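Let us take a friendly walk through a structure, from whole domains to single pairs of residues. Have a look at the model first, and then read on.

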Amino acid sequence: MDLRVAITGHVDHGKSTLIGRLLYDTGSLADGKAEEILASSERRGLAVEWSFAVDAAQEERDQAITIETTRVWMHYGGRRIVIIDTPGHREFIRNMMSGAADADAGILVIDALEGIADQTYRHAYLLRLLDVPEIIVAVNKIDAVLDAQERFAQISRDIRAVLETAGKPVRAIVPLSARDGDNVVNRSERTAWYSGPTLIEVLLALHPVAPAADRELRFEVADVYRFSDEERISVGNVVAGVIFPGDRVRIAPSGATTRVRAIKRWPDDPSPALAGQAVGLTFDDPVFIDRGDVVTHADSTPLPATSAFEGVFFWLSEGGPRVGETLSLKVGRAEVAVTVVGIDETIDLGILDKVAPDASARHSAFALRLRAARSVAAEADARCVLLRNGDVVGGGKLSNVEVADGRRSDNLVLAGHLISSEVRTHRNGYRGLVAWLTGLPGSGKSTIAMAVERELFARGYFVYVLDGDNVRAGLNRDLGFSRDERKENIRRVGEVAALFADAGAIVIAGTISPHAADRAAARAAAKPGAFHEIYVRASVETCAARDVKGHYARARAGELPDFTGVSAPYEEPEQPELLVDTNASSIEASVSAVVEYLIRVATAPEALLSYSI
Amino acid sequence: MLLDAAAVNGVTEDRREERPGLDSLDRLEAETITILREAYRASSKPCMLWSIGKDSTALLWMARKAFLGRVPFPMILLETFMELPEVYEFRDELIEQWQLDYFAQVCPPESEVDQTLPPATRAAARKTEGLRTMLREQKFDAVIVGIRRDEQAMRAKERVFSPRRIDGTWDVKEQPPEFWGYYTTSVPDGAHLRVHPLLSWTELDIWEYTLREKIPFVPLYLARNGKRYRSLGEKNITLPIDSNAATIEEIIEELRATRVPERAGRTMDHESEASFERLRAGGYM
């Protein structure tokens with residue numbers, strides 16, 4: 001396999017020029033290409049612009065920038081090396097990622113005059129996050145600085161410090177001039193003080209990482225074909241290990257075990273399937289298997305099946321992740337809806353500092369906590385992507401997949417219901433759901449909840465109110481009102497509500513739930529689309545004036561610490577599914593708005609067709 | 001070719017010792033099969049363009065591997081009636097032998113394409129128009145195309161999965177991120193995906209693979225009387241090159257030594273600096 005080398009670095013530090021020079025000096029430019037580059041440069045009034053070897057688009061040539069990543073082949077010393085050009089402008093960072101992510105090595109180009117710049121930091125961090133195995137630093141334009149040796153030593157120290165911060169050792173640092181060809185392929189006499197390897201010598205010493213045939217088996221199922229009645233063939237990729245016909249295997253996340261009957265290829269070839277191959281498998285037992293499942297050997301440690309993940313994701317979209325939003329997570333061949341339940345850290349890749357969460361999302365990385373609607377087989381360090389409406393918005397690595405959901409047991413095996421949610425929905429004629437009423441104390445949540453319950457009950461719905469105070473009297477009687485206890489209170493109400501909804505009920509959960517993150521966690525506990533946040537809005541003044549329980553008076557007298565609206569904050573929902581304003585409208589009007597809304601979403605055609613994904 | 005030493009080292013069980021590692025062609029083949037399966041899974045009505053040349057025929061061979069002997073989508077020739085006679089002969093034989101689901105999409109005459117394009121580019125653009133008509137009429141949501149990055153500098157900027165607008169045009173600046181084998185597989189209604197399973201292959205790889213797998217090919221690629229076609233296009237805009245390579249082995253030897261680009265004989269590439277970019281932006285393969 002060809003070694004793939006990505007050229008990265010700050011804009012105008014000479015990435016494309018270095019590629020042009022590499023191609024020219026190794027004799028890899030096709031006949032006529034050099035002439036074409038000369039002519040095209042001349043037409044634009046430029047000296048020889050070697051970057052035109054890769055910057056083929058008219059706009060790239062006219063503006064002298066790289067917009068889209070390109071791959072070209074270089075031939076030298078009996079080796080073939082794929083050179084991946086990547087853009088340096090921060091606007092084109094997703095193109096940089098697309099180019100660099102699959103590379104075996106990354107060359108970080110630094111202008112000797114300018115030194116380490118914004119995109120140098122960002123690309124250094126990205127190379128680590130992308131898991132590019134080797135990093136080489138090219139200190140370019142070395143001919144243009146006065147005391148080259150000292151400048152080189154200084155940049156070497158600086159970049160080593162940056163990359164060490166990012167936890168990445170450097171394979172080599174080479175002083176060179178891409179424009180003149182010093183130390184690229186030919187050793188330069190102008191840098192007599194440098195005794196290390198030329199760039200091409202460094203590249204020739206590297207080899208691509210081979211698929212891991214000597215590790216534990218991982219077969220990722222991509223699809224199941226049934227071309228004839230007699231057999232179902234699970235096709236997919238052996239990403240690690242070796243699989244033989246007759247091997248006993250386990251399928252994750254279901255945990256079912258069976259035996260491999262045959263390895264399917266065309267033309268027929270029964271030989272074992274090795275890491276790196278794409279094959280089909282048939283099994284002895286009629287096990288249920290689907291895209292996203294992972295096959296391992298039955299005698300090896302079972303893969304964790306988890307629905308809670310943590311990971312650091314670089315962000316490729318203008319809109320950053322929001323607590324409570326539902327995204328799609330692709331890991332291996334599995335795809336699952338996940339809710340963002342927490343953003344633990346926002347990292348600006350430019351300065352490699354942890355900053356406030358309002359930094360521009362597109363050029364940042366985020367440490368996220370995610371909760372999935374169902375379990376998938378995933379391992380720590382798995383590379384994965386996040387999608388929003390079908391577009392990739394983030395990429396990163398999972399960490400902590402086993403304990404991230406707070407379960408005390410790592411070995412829970414969730415029992416599968418024989419009656420699916422779809423069947424319940426079909427028989428009831430409506431889907432179960434959670435109506436999550438949030439708002440200040442005294443905003444009218446309990447009053448509305450009880451009236452809605454009576455109305456829906458009268459219309460024949462299976463409906464139940466989970467009232468905050470009522471739940472605190474029983475299930476949650478061990479909890480007080482500290483931040484952690486409030487959080488746990490909401491978590492339990494959310495989990496119970498989700499179970500009720502799964503059983504087919506319309507659950508009306510009325511709690512203050514002042515924190516957006518807690519509400520997001522409650523949303524994540526429910527099946528996708530089953531959670532409906534209803535904001536019961538009233539001003540603090542209105543609520544205090546009502547003060548049915550006398551709490552506001554006591555809070556204002558300082559008797560109730562952490563009383564929401566007085567001595568503790570309330571985070572208003574940003575995008576509730578429904579808003580009822582009890583300042584502006586009567587309780588009756590609010591009740592009928594909620595009733596109407598709930599009936600509409602519970603009986604919507606799409607709710608009846610597909611309950612869960 | 002690199003032999004993966006690591007693939008054979010470190011495995012202790014006896015039965016596993018004799019196993020050879022995957023070579024470069026094996027890994028390229030696995031990548032292509034994976035992409036074909038992803039495309040088939042992601043789309044509800046896929047098709048594959050078959051120019052009957054060496055690349056799309058090798059791709060067709062790998063489609064048979066991906067789907068275990070059958071090809072579960074139609075093979076389509078964008079028909080200008082300007083292919084060389086040997087190409088049509090070869091096509092008819094292969095359809096018969098391999099039992100292919102094939103149809104020819106007739107392309108409109110040159111008078112109906114963008115008249116501001118240079119002449120040979122204009123001739124090539126007929127295929128763009130034919131493709132557009134086909135997409136409009138048959139509503140394919142994935143079109144599998146056997147282009148390679150090493151053929152041409154604008155093709156080198158392609159994604160494996162390239163979502164196209166309703167009119168099929170390509171905006172090189174607005175491509176989705178694509179990495180770690182995660183592809184953008186969703187497109188709006190009426191739009192389609194271009195799928196490019198051969199981007200990582202070179203011309204040399206294709207010939208080595210054709211030789212290894214004994215894949216049939218149009219004999220025009222082999223030299224007769226000191227000339228052969230290195231890249232097969234329509235007869236009005238394609239020229240043979242000087243060559244004495246009369247077998248695949250000799251072609252491979254020739255390619256290892258040459259620095260002449262593959263598409264030197266395709267006149268449409270060379271009419272102006274931007275001609276191929278304009279073709280591609282309009283939706284050409």
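In chain B, the C-alpha centres of domain 1 and domain 2 lie 21 Å apart. The domain assignment gives residues 23-202 + 272-281 of chain B to domain 1 and 203-267 to domain 2; such bounds come from an automatic or database domain assignment. Please keep in mind that this is a predicted model: local features need pLDDT of at least 70, side-chain atom pairs count only at pLDDT 80 or more, and totals for chains, interfaces and linings use all residues. Residues are numbered from 1 along each chain as its sequence is written, while chains are lettered from A and ligands numbered from 1 in the order in which they are written.

How many residues does each domain of chain B bring to their contact? Domain 1 of chain B gives 25 residues and domain 2 of chain B gives 24, where two residues are in contact if their C-beta atoms, placed from the backbone, lie within 7 Å. On the side of domain 1 of chain B that touches domain 2 of chain B, the elements with two or more residues are helices H2 (24-42), H3 (54-66), H4 (85-98) and H5 (119-138) of chain B. Helices (H or I, at least four residues) and strands (E, at least two) are DSSP runs, numbered from the N terminus. H3(B) provides the largest share of that side, five residues. By class, the side of domain 1 of chain B that touches domain 2 of chain B holds 14 nonpolar, five polar and six charged residues. Here Ala, Val, Leu, Ile, Met, Phe, Trp, Tyr, Cys and Pro count as nonpolar, Asp, Glu, Lys and Arg as charged, and the others, Gly among them, as polar.

Now to chain A. Its domain assignment lists domain 1 (3-204), domain 2 (218-297), domain 3 (305-399) and domain 4 (421-609). The C-alpha centres of domain 1 of chain A and domain 3 of chain A are separated by 30 Å.

The two chains also meet: 50 residues from chain A and 49 residues from chain B take part in the contact. Several elements of chain A each supply at least two residues to the side that touches chain B, among them helix H4 (93-100) and strands S7 (218-228), S8 (231-240) and S13 (278-283). That side of chain A has 26 nonpolar, 13 polar and eleven charged residues.

S7, S8 and S13 of chain A also belong to a barrel, closed by six strands in the order S7-S8-S13-S11-S10-S14 with antiparallel pairing. Two strands pair if DSSP finds at least two bridges between them. Neighbouring strands of this sheet are turned by 50° against each other on average, direction ignored. From the other chain, H2(B) lies across S7, S8 and S13 of chain A and runs at about 60° to S7(A). Axes are lines fitted to C-alpha atoms, for helices over the stretch in contact, and angles run from 0 to 180 degrees between N-to-C directions.

A second sheet in chain A is open, with five strands in the order S23-S24-S22-S25-S26 and parallel pairing. Strands S23 (463-467) and S26 (578-581) of chain A stand at the edges with a single partner strand each, so one side of each is left without a neighbour in the sheet. From one strand to the next, the twist averages 20°.

Here are two strand pairs, one from each sheet.

| Strand pair | Sense | Bridges | A residue and its partner |
|---|---|---|---|
| S8(A) and S13(A) | antiparallel | four | Asn237(A) and Ala278(A) in S13(A) |
| S23(A) and S24(A) | parallel | five | Asp467(A) and Gly510(A) in S24(A) |

Helices lie across the open sheet. H9 (445-458) of chain A crosses over S22, S23, S24 and S25 of chain A, running at about 165° to S23(A). H11 (483-502) of chain A lies across S22, S23 and S24 of chain A, at about 165° to S24(A).

How do the axes of H11(A) and H12 (516-525) of chain A meet? They come within 8 Å and cross at roughly 25°. That makes H11(A) roughly parallel to H12(A), since angles under 35 degrees count as roughly parallel, over 145 as roughly antiparallel, 65 to 115 as roughly perpendicular and the rest as oblique. By class, the contact of H11(A) with H12(A) has six nonpolar, one polar and four charged residues.
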